Amino acid sequence: MSASSNPSRKRQQRPSAPVATASPQPTPPAKEPEQPAKLDLSPTVTLPRGFGRIPVSGVSPVIEGGAYPAKAVVGELIPIRAKVFREGHDSVNASVILTAPDGREQRVDMTPLEPRGLDPWEAWVRPDVEGAWTFRVEGWSDPWGTWLHNAEAKLPAGVDIELVCLEGRDLLERTAALAEQAGDPVQASILKATAMLLIPERPAGDLIEVATAKGISRAMEQYGPRELLTPTADFPLFVDRQKALFSSWYEFFPRSQGATYDAATKKWTSGTFDTSLDRLAEVAAMGFDVVYLPPIHPIGTAFRKGRNNTLIPAPGDPGSPWAIGGPDGGHDAIHPDLGDWDAFDRFVARARELGLEIALDFALQASPDHPWVTSHPEWFTTRLDGTIAYAENPPKKYQDIYPINFDNDPEGIYREVLRILKLWMAHGVRIFRVDNPHTKPVEFWAWLMRQVRETDPDVLFLAEAFTKPEMMHALGKVGYHQSYTYFTWRNTKWELEEYLTELSRATDAFYRPNFFVNTPDINPFFLQSGNPAAFSIRAVLAATMSPSWGVYSGFELFEHEPLKPGGEEYRNSEKYEYRPRDYFAQPNLNLLLGRLNQVRRDHPALQQLRQIQFLETPHDRVIAYAKRDGEDAVIVICSLDPDQGVESDVRLDLGWLGVDGPTVDLRDELTGATFTWGERNYVRLTPANPAHVLHVLRG
């Protein structure tokens, strides 16, 4: 194309200057205020591709056709799976090509799985840096595999011996040339020498032994010809920092820390960020690494709830912190009773010194006193009688909370939410626990997660979504890093095994669980007896089954009284009143919680989700499972009966544990006791010692 015909190289013609006149110029109209750029709210979609020369299908993990990235964290083992096949009888093979954010590619060869007739292939990859990765599966024709199969069939039968040897020598010499090109003269020499050993006059057994030697197999895997190479599309995989998968959460209310009651005046003085600093040190000493705070914003007074959720508050009742907003501000303000911005910054800084991160509750709702109600009434739903609709879950009514209506002004709401998040991020908050995200549009969360990831990929979001599975899964797919789970209601052996199998195999690519043993809203039935063994059992299960787990304060003190029989709410719930505690009152679970968190830090096997195997135990109140990551393996055996002792056999799969030999040495990480076990072993668990957490010792 000539320069004159290239539009990109044409010069712009400057317009001629106007001729000056004496006529007065008209007064320019008043300049309108500049409008913000229109937001792009469109979803991201990746189009599928069809079959190539070597068909590859059923690639996983692929989320909604590649519209959203599968999840991983730095150093995590990720399974890539596909169906790979071809026409005819020639051998087929497959590889995963993993591409790092900087464009660096890594090839990992896949392994065929059983049943071979269904053509499943698998490879486990371990990304080593954070960021946006991609992966693809490459199917390819395997000439060496084809030749080896034919040789093993033909040579013993004396069929085509000279031709088989000739073809084998040709493949070995071609591979030697590839090894030389790759700068590996040693392998090239071995391959050339082996080619010279394929002499037709040699016995068939010797020829097969030469072709199947370990050294030759390794060289052919590395440099052997890969023909008819057929790649799939590149699928997205986002690698987060490790805390997106592995974390230990502790929740407390700053207003209760250091709160005091004056009996003479019958008034409470709220705790503050500064009076909560000592609690940070105590939480860190128990090995937790995330401190989660309920909302710390001003609380509305209209329809304020009193103690135990009564509709008539007493003077001085602090109200539910989830009824956000008042004269002192909304989501971008701090409740004045807790301190100011400087106090909050001191709190975050002290947490950081202790190795803790602050997770802030983000509840996208408003009290009737929130500034939004007057400045943006369109963000709420106005009923036919002219009143604003409050939150309801019939027959329950939450008159102190107005839900947000996303249909009237989505752009305005989207902008405001992003502004608020960035404000708190600027003050050191890099983790948000989002209240009830399932009551907001999924497309909104998809947009918000994408915006935050583009600028602050280290910021993490936990979904507090106790709802239907598809909605919980959808939130994970569009970007939530973790989610609350059904663990709270899974108590029997079969329930726990079924649920962990689902989490570790079916939803692991997009749904990361966080096993909270209790919450301010949920006083689990299993704990309502107050039996300390019940609390120990649930702590062991949560801390070892899930790489992320959480505790709401009071659990370690065995708080258990329900508001009413058959209900799951706490009596004297901290949501509606101050609850200062003596965390060192006896008895308590402080030592167990600290020990569990230390064991989790010591063992990579407990920091991952996917590699878990349930072990055979005939007793239905004993659950046993093994977890493994590389050389590290941990076996957990836990009673599910807090009231009486249980006895059972436990069968180990020594091969899965990576143990060569009939026995294995074990150390109980809770007690320090050591054992030597074989395939079948006897255990006795009691309410005083309801679990073993066994480290597989090597060497």
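Trainee: At roughly what angle do the axes of H2 and helix H5 cross?

Mentor: This is a predicted model, and in it H5 covers residues 214-223. The axes of H2 and H5 come within 10 Å, and H2 passes H5 in a left-handed crossing. The angle at which these two axes cross is roughly 65 degrees.

Trainee: Which residues of H5 make the contact with H2, and how many of the residues in that contact are charged?

Mentor: From H2 the contact takes Leu172, Thr175, Leu178 and Ala179, and from H5 it takes Ile216, Ala219, Met220 and Tyr223. By class, seven of the residues in the contact of H2 with H5 are nonpolar and one is polar, and the number of charged residues is none.

Trainee: Are H2 and H3 roughly parallel or roughly antiparallel to each other?

Mentor: Helix H2 spans residues 161-181 and helix H3 spans residues 185-196, and their axes lie 8 Å apart at an angle of about 165 degrees. Angles over 145 degrees are counted as roughly antiparallel, and the crossing of H2 and H3 is left-handed. The two helices are therefore, with respect to each other, roughly antiparallel.

Trainee: How many charged residues are there in the contact of H2 with H3?

Mentor: On the H2 side the contact is formed by Arg169, Leu172, Glu173, Thr175, Ala176, Ala179 and Glu180, which meet Gln187, Ala188, Leu191, Lys192, Thr194 and Ala195 in H3. These residues divide into six nonpolar and three polar, and the charged ones number four.

Trainee: Where does Asp160 lie, and is this residue buried or partly exposed?

Mentor: Although Asp160 is not a glycine, its phi is positive, at about 50 degrees. Asp160 lies in the loop between helix H1 (143-154) and H2. With a relative accessibility of 37%, Asp160 counts as partly exposed.

Trainee: Which elements are included in what covers the buried residues of H11?

Mentor: Helix H11 runs over residues 469-478, and its buried residues are Met472, His473, Leu475, Gly476, Lys477 and Val478. The helix is followed by Gly479, whose phi is positive, near 145 degrees. The cover over the buried residues includes strand E2 (70-73), helix H10 (442-455), strand E22 (482-483) and helix H12 (493-506).

Trainee: How many residues apart in sequence are the parts that the pair of Phe487 and Phe515 ties together?

Mentor: The structure holds 37 aromatic pairs, and one of them is the stacked pair of Phe487 and Phe515, with 4.4 Å from centre to centre and 10 degrees between the planes. Phe487 lies in the loop between E22 and H12, whereas Phe515 lies in strand E23 (residues 515-516). Both Phe487 and Phe515 are buried. Because of where the two rings lie, the pair ties together parts whose separation in sequence is 28 residues.

Trainee: Is the pair of Phe535 and Phe555 stacked or tilted?

Mentor: Phe535 lies in helix H13 (residues 532-545) and Phe555 in the loop between E24 and H14, so this pair ties together parts that are 20 residues apart in sequence. Both Phe535 and Phe555 are buried. Their ring centres are 5.1 Å apart and their planes stand at 50 degrees, so the pair is tilted.

Trainee: How far apart in space, C-alpha to C-alpha, are Tyr578 and Trp268?

Mentor: Tyr578 has its place in the loop between strand E24 (548-552) and helix H14 (590-602), and at 8% relative accessibility it counts as buried. Leaving aside residues up to four places away in sequence, Tyr578 touches Arg255, Ser256, Ala259, Trp268, Ser270, Gly316, Pro318 and Asp337. Tyr578 and Trp268 are 310 residues apart in sequence, and their distance in space, C-alpha to C-alpha, is 8.0 Å.

Trainee: Which residue is joined to Pro115 by a cis peptide bond?

Mentor: Pro115 lies in the loop between strand E6 (111-112) and strand E7 (120-125). The omega of the cis peptide bond is about -5 degrees, and the residue that this bond joins to Pro115 is Glu114.

Trainee: What percentage of the residues in the protein chain is buried?

Mentor: The protein chain has 14 helices and 32 strands, and its C-alpha atoms fill a box of roughly 105 × 100 × 45 Å along the principal axes. A residue counts as buried at under 20% relative accessible area, and among the 699 residues of the protein chain the buried share is 52%.

Terms used:
Residues are numbered from 1 along each chain as its sequence is written. This is a predicted model: local features need pLDDT of at least 70, side-chain atom pairs count only at pLDDT 80 or more; totals for chains, interfaces and linings use all residues. Side-chain values use heavy atoms; hydrogens and water are left out. Helices (H or I, at least four residues) and strands (E, at least two) are DSSP runs, numbered from the N terminus. Buried means under 20% relative accessible area, exposed over 50%, partly exposed in between (1.4 Å probe, protein chains only). Contact means heavy atoms within 4.5 Å. Axes are lines fitted to C-alpha atoms, for helices over the stretch in contact, and angles run from 0 to 180 degrees between N-to-C directions. Angles under 35 degrees count as roughly parallel, over 145 as roughly antiparallel, 65 to 115 as roughly perpendicular and the rest as oblique. A crossing is left-handed if the near helix is turned anticlockwise from the far one by less than a right angle, and right-handed if clockwise. Ala, Val, Leu, Ile, Met, Phe, Trp, Tyr, Cys and Pro count as nonpolar, Asp, Glu, Lys and Arg as charged, and the others, Gly among them, as polar. Rings of Phe, Tyr and Trp (its six-membered ring) pair if their centres lie within 6.5 Å; planes under 30 degrees apart count as stacked, over 60 as edge-to-face and the rest as tilted.
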